Amino acid sequence: MTQYAFKEKELELIPREQLEELQLSRLKTTLSRALKTDFYRQRLLPLGIDNPEALHSLEDLRNIPFTTKEDLRIAFPYGLLAVPLEETVRLHASSGTTGTPTVIYHTKRDISAWSDLVARSLMAAGCTKRDVFQNMMTYGLFTGGLGLHYGAEELGMLVIPAGPGNTIRQFKLMKDFKTTVVHATPSYMLHLYDKLSEVEVSRSDLHLRKAIVGGEPHSEDIRRKIEELWGIEVYNCYGLSEMNGPGVAFECIERSGPHLWEDSYIVEIIDPHTLEPLPPGETGELVLTTLRREATPLLRYRTRDLTSILPDPCPCGRTHRRISRIKGRTDDMLIINGVNVFPSQIEEVLMRMKEVGNNYQIVVEKSGALDKLTVKTEVTPEIFSDDARDLNAIREKIRENLKASISISPVVELHEPGILPAWEGKAKRVIDIREKSV
Ligand code: DLL
């Protein structure tokens, strides 16, 4: 049965018109907060954007420039802080690859609004205060651990702050405390399942009923695989540290795309090249504006994530629109000998094949002047045999299926289960060593 509303039922079912009025009023507040930061003052005042009351409709948001990850780095450490330091209670940061971290600050009210949003999300996914919640996400500067932790406590779940790793202990905790809901990256859920055969705990000793997964892109087939292997329901949780972290969008019990909580964020989808808005149903870059955050308001933040707004309303009745599964990032597209390939396309092909196991890796390197794509995949224990003819046939089948999907014929390597690197946090599946291998 659909459960509504952790605290504010009217906000989850709010008619669109009222929701947009609420957004406009909160947008004005966000702009006035932004104008207190050094960064936005320098950016917006020269453009004559100095009066929140001049925003007459949500369309007016389009006159405000985008904010990018690079801007957050430029503003490091305090350029985007909109409140006095004494009002802040926590920061989260992500280091990325270039060195300077991006930092988001939170006031007490920010933490409480975020926790409410996560509690609302968990409730929409059918969790209750009777659930025992084992949080296997990393705690620390990364938002995955603490974000869900506070929200689950807010809902009244019993939280086990396990963090990732130490698989034997994870199973012991699950068994001893009768864990019913877990939170992990999808790759860690698959890795854990592979480890189940090595411990003295069997699936029937466990009380698991749901997993919340997120933090990294994953296909519908990965979800299905986790659901089938574990015999549980899997819910997709989307978020990014710049927008708090987990809980920006979350699936309800329909499990048909995460609702993006529009009382807290304004959603836009743009063409990443022309920067023009795209209509519902069309895939483009997700752009988000915070509506409730006090300490670090962000206007039109370019997430780099590729998705679309699902045009149909959800049968659950919530009016907050759903987004489609993240297809990839504008910056993770590989160009291999001129052909555009998203890692998600490769994953989709692999995960649809019953012979393929729970882990894979994509390697791109130079071979002379050309790019060479190698797809390494584990096969299921049943399939792994010494009969080279069987393995050759499987290798060929994978190669053909991949060629049909991505128009490139990769080298396919098959591996025994447990051979490829396993990930406790976000999986790093793409190894692009073209520069090094020139
Ligand atoms: O990964 C926040 C999070 C933690 C979300 C735990 C969900 C669960 P960042 O480290 O800033 O924050 O990374 C954000 O991860 O822009 C996406 O590219 C990717 N991502 C996060 N969740 C999903 C998801 C956290 N459900 C970046 N599906 C985002 C696909 C996801 N990609």
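1. A quick bit of vocabulary to start: helices here are DSSP runs of H or I with at least four residues, numbered from the N terminus. With that in hand, you can place Leu117, which belongs to helix 5, residues 108-124. Keep in mind as you read on that this is a predicted model.

2. Let's stay with Leu117. Is Leu117 buried or exposed? Its relative accessibility is 3%, so Leu117 counts as buried, since buried means under 20% relative accessible area. If you want a sense of distance, try Thr330: 213 residues separate Leu117 and Thr330 along the chain, and their C-alpha atoms are 27 Å apart.

3. Now for the rings. How many aromatic pairs does a search of the whole structure find? The search turns up three. Phe39 and Tyr40 make a pair with ring centres 5.1 Å apart and planes at 75°, so this pair is edge-to-face; the cut-off for that label is over 60 degrees. Both partners are worth clicking on: Phe39 is buried at 9% relative accessible area, and Tyr40 is buried too, at 1%.

4. Rings also turn up with charges over them. Arg255 has its charged end over the ring of Tyr235, at 5.6 Å from the ring centre. Have a look at Phe66 as well, where Arg302 lies over the face of the ring, 5.9 Å from its centre.

5. Next, the ligand. Which residues are closest to the ligand? They are Asn236, Cys237, Ser241, Asp305 and Lys426, out of 22 residues that surround it. Sorted by class, this shell holds eight nonpolar, nine polar and five charged residues.

6. Some polar contacts are easy to find on screen. A backbone N or O atom of Glu216 is 3.4 Å from a nitrogen atom of the ligand. Pro217 has a polar backbone atom that is likewise 3.4 Å from a ligand nitrogen. On the side-chain end of things, an N or O atom of Arg329 lies 3.1 Å from an oxygen atom of the ligand. As for cover, the ligand on its own has 600 Å² of accessible area, and the protein covers 92% of that.

7. Finally, which elements give two or more residues to the shell around the ligand? Those are helix 6 (143-155) and strand 7 (233-240). Strand 7 contributes the most, with five residues, so to speak the one to colour in when you next open the model.

Notes: Residues numbered from 1 in each chain as written. Predicted model: local features only at pLDDT ≥ 70, side-chain atom pairs only at ≥ 80, totals over all residues. Heavy atoms only, no water. Phe/Tyr/Trp six-rings, centres within 6.5 Å; stacked < 30°, edge-to-face > 60°. Buried < 20%, exposed > 50% of the residue type's maximum accessible area, 1.4 Å probe, protein only. Lys NZ or Arg CZ within 6 Å of the ring centre and 35° of its normal. Near = heavy atom within 4 Å. Polar contact = N/O pair within 3.5 Å; in protein donor to acceptor, adjacent residues only side chain to side chain. Areas by Shrake-Rupley, 256 points an atom, 1.4 Å probe, with all protein chains shown as cover. Nonpolar A, V, L, I, M, F, W, Y, C, P; charged D, E, K, R; others polar.
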